Amino acid sequence: MTAATTPVTGTHGTTTAEHELAALQREHGRPLFALLLRLSDGDRQRAEDLVQETLVRAWQHPEALRTDAFDSVRPWLLTVGRRLAIDARRARQARPPEVGDAVLENARVIADHAERSAATVDVREAVKTLTPQHREVLVLVYFQGASVAEAAAALGVPPGTVKSRAYYALRALRRVLPGYATDLR
């Protein structure tokens with residue numbers, strides 16, 4: 001861009017400043033994009049946005065480009081682009097990370113408090129229908145977190161009996177709680 005250039009409307013409705021900006025992008029766009037791509041950790045979309053923002057700054061401050069203090073405007077463009085990239089990185093680090101729609105679609109849905117309470121009541125009622133031996137094993141192994149060996153020692157029965165009782169207790173619960181069968185497998 002030259003110091004004598006003033007915005008003059010051309011034959012197709014474009015101004016001289018727009019022509020100069022297009023020339024600026026053709027001449028310096030690739031090196032600017034390469035720098036910003038590295039500073040954006042390979043994110044092409046972000047790098048393209050930063051190139052566009054850099055060129056907008058050049059358009060907003062034509063006086064910075066029309067000085068005779070330097071032979072090329074490339075150092076000014078690269079400096080502005082680098083500062084914009086640093087500002088963008090700081091802004092991203094200052095706020096919580098963004099999540100895409102795919103993450104939300106795969107997120108586990110947690111039932112609300114009312115559903116959990118209703119399920120707890122249903123399971124308690126179903127456990128009451130079990131024989132005392134099956135109920136003891138379930139309480140020890142599933143509700144209190146005891147291992148098979150610990151449950152066997154507490155009940156005074158062999159470990160195989162604990163495993164068998166747990167199997168048959170879960171099978172009986174599946175019949176009593178058909179809507180919860182997938183949770184008990």
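**Exercise 1. A pair within helix α2**

Task: In this predicted model, find how many residues apart Arg57 and Glu53 lie in helix α2, and work out how their side chains meet.

Solution:
- Step 1. Start with the positions: both Arg57 and Glu53 belong to helix α2, and they are four residues apart, which is about one turn of the helix.
- Step 2. Recall a general idea: side chains of opposite charge can pair when their charged atoms come close.
- Step 3. Now check the distance. From N to O, the side chains of Arg57 and Glu53 are 3.1 Å apart. A salt bridge needs these atoms within 4 Å, so the pair qualifies as a salt bridge.
- Step 4. Look at the surroundings. Arg57 has a relative accessible area of 31%, so Arg57 is partly exposed. Glu53, at 30%, is partly exposed too.

**Exercise 2. Further salt bridges**

Task: How many salt bridges does the count come to? Describe the one between Lys128 and Glu125, then the one between Arg46 and Asp43.

Solution:
- Step 1. The count comes to four salt bridges.
- Step 2. Take Lys128 and Glu125, which both lie in helix α6 (residues 113–128), three residues apart, or about one turn of the helix. Their side chains meet in a salt bridge at 3.4 Å, N to O.
- Step 3. Compare each accessibility with the cut-off: exposed means over 50%. Lys128 has 55%, so Lys128 is exposed. Glu125 has 44%, so Glu125 is partly exposed.
- Step 4. Turn to Arg46 and Asp43: in their salt bridge, the closest N and O atoms are 3.4 Å apart. Arg46 is partly exposed at 27%, and Asp43 is partly exposed at 28%.

**Exercise 3. A closer look at Thr54**

Task: Is Thr54 buried or exposed, and which residues does Thr54 touch?

Solution:
- Step 1. Place the residue: Thr54 sits in helix α2, which covers residues 44–60.
- Step 2. Buried means under 20% relative accessible area. Thr54 has 0%, so Thr54 counts as buried.
- Step 3. Find a partner for the side chain: the side chain of Thr54 reaches the backbone oxygen of Leu50 at 2.7 Å.
- Step 4. List the neighbours, leaving out residues up to four places away in sequence: Thr54 touches Leu32, Leu36, Leu77, Val80, Gly81 and Leu84.

**Exercise 4. Two helices packing on α9**

Task: At what angle does helix α7 cross helix α9, and at what angle do helix α8 and α9 pack? Say which residues make each contact.

Solution:
- Step 1. Know what to look for: two packed helices are described by the angle between their axes and the distance between the axes.
- Step 2. Begin with α7 (residues 132–143) and α9 (residues 159–176): their axes come within 9 Å and cross at roughly 100°. Angles of 65 to 115 degrees count as roughly perpendicular, so α7 is roughly perpendicular to α9.
- Step 3. Name the residues in contact. From α7 they include His134, Val137 and Leu138, and from α9 they include Arg165, Ala169 and Leu173. By class, this contact has 10 nonpolar, two polar and one charged residues.
- Step 4. Move on to α8 (residues 148–155): α8 and α9 pack at about 105°, with their axes 8 Å apart. That angle makes α8 roughly perpendicular to α9.
- Step 5. Here Val148, Ala151 and Ala152 of α8 meet Pro159, Val162 and Lys163 of α9. The residues of this contact divide into five nonpolar, no polar and one charged.

Terms used: Residues numbered from 1 in each chain as written. Predicted model: local features only at pLDDT ≥ 70, side-chain atom pairs only at ≥ 80, totals over all residues. Heavy atoms only, no water. Buried < 20%, exposed > 50% of the residue type's maximum accessible area, 1.4 Å probe, protein only. Contact = heavy atoms within 4.5 Å. Axes fitted to C-alpha atoms, helices over the stretch in contact; angles between N-to-C directions. Parallel < 35°, antiparallel > 145°, perpendicular 65-115°, else oblique. Nonpolar A, V, L, I, M, F, W, Y, C, P; charged D, E, K, R; others polar.
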